[in-house]
Amino acid sequence: MAFSIIETTWDEHEPALRQLRETIFIGEQNVPEELEWDGEDPGACHFLACDQQNQPVGCIRLQNSGQISRLCVLSNYRNSGIGRALLVAAEEAARARGMQEIFLNAQTHATSFYEAAGFASSGGIFMDAHIPHRQMFKLLK
């Protein structure tokens, strides 16, 4: 499946980023809106994946703290490498910004996805938006 990934800002692509996250996190996963819209988007670096018709199909955000969050891919496009490519794009951006470590809060069902990308779990399972998560870290070299 052909797709492209662009680095962007919230100001530049808010409607597309918002629609993806509303569909997946709020619609599919029942994340409360007040938790999804945490006020961190304007200052973050965002990546948007688009299909061959330039339609948004996935996104991820990298915060200045080194936290990667809000990785999501539309259901029809999952298991096609888009999530992994988004994660790599965020990691490369963190490295280019001189970050030495990145971290994320992974939904427990997705920890093996992140482990395959070199992340290691730290600490126990905790609940976030009624979904079990684990914190994961990766040192950048």
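User: Which strand gives the most to the lining of the largest pocket?
Analyst: In this predicted model, where local features need pLDDT of at least 70, side-chain atom pairs count only at pLDDT 80 or more and totals for chains, interfaces and linings use all residues, the largest pocket (an open set of points on a 1 Å grid over the protein atoms alone where a 1.4 Å probe fits, with protein on both sides within 12 Å along at least five of seven lines; lining residues have an atom within 4 Å of a point) is lined by 36 residues. Residues are numbered from 1 along each chain, and side-chain values use heavy atoms, without hydrogens or water. Among the elements that give two or more residues are helix 1 (10-28), helix 3 (82-96) and strand 7, helices being DSSP runs of H or I with at least four residues and strands runs of E with at least two. The most, six residues, comes from strand 4.

User: Which residues lie nearest the centre of the largest pocket?
Analyst: Helix 1, strand 4 (68-73), strand 5 (101-107) and helix 4 (111-116) are among the elements that give two or more residues to the lining. Nearest the centre lie Phe25, Leu71, Cys72, Gln107 and Tyr114.

User: Which strands stand at the edges of the open sheet?
Analyst: Three strands form this antiparallel sheet in the order 5-7-6, where strands pair if DSSP finds at least two bridges between them. Each edge strand has a single partner, so one side of each is left without a neighbour in the sheet. The edges are strand 5 and strand 6.

User: Which residue in strand 7 is the bridge partner of Phe126?
Analyst: Strand 6 (residues 120-128) and strand 7 (residues 131-139) run antiparallel, joined by six bridges. Their hairpin has two residues between the strands, and Ala129 takes a positive phi near 55° there. The bridge partner of Phe126 is His133.
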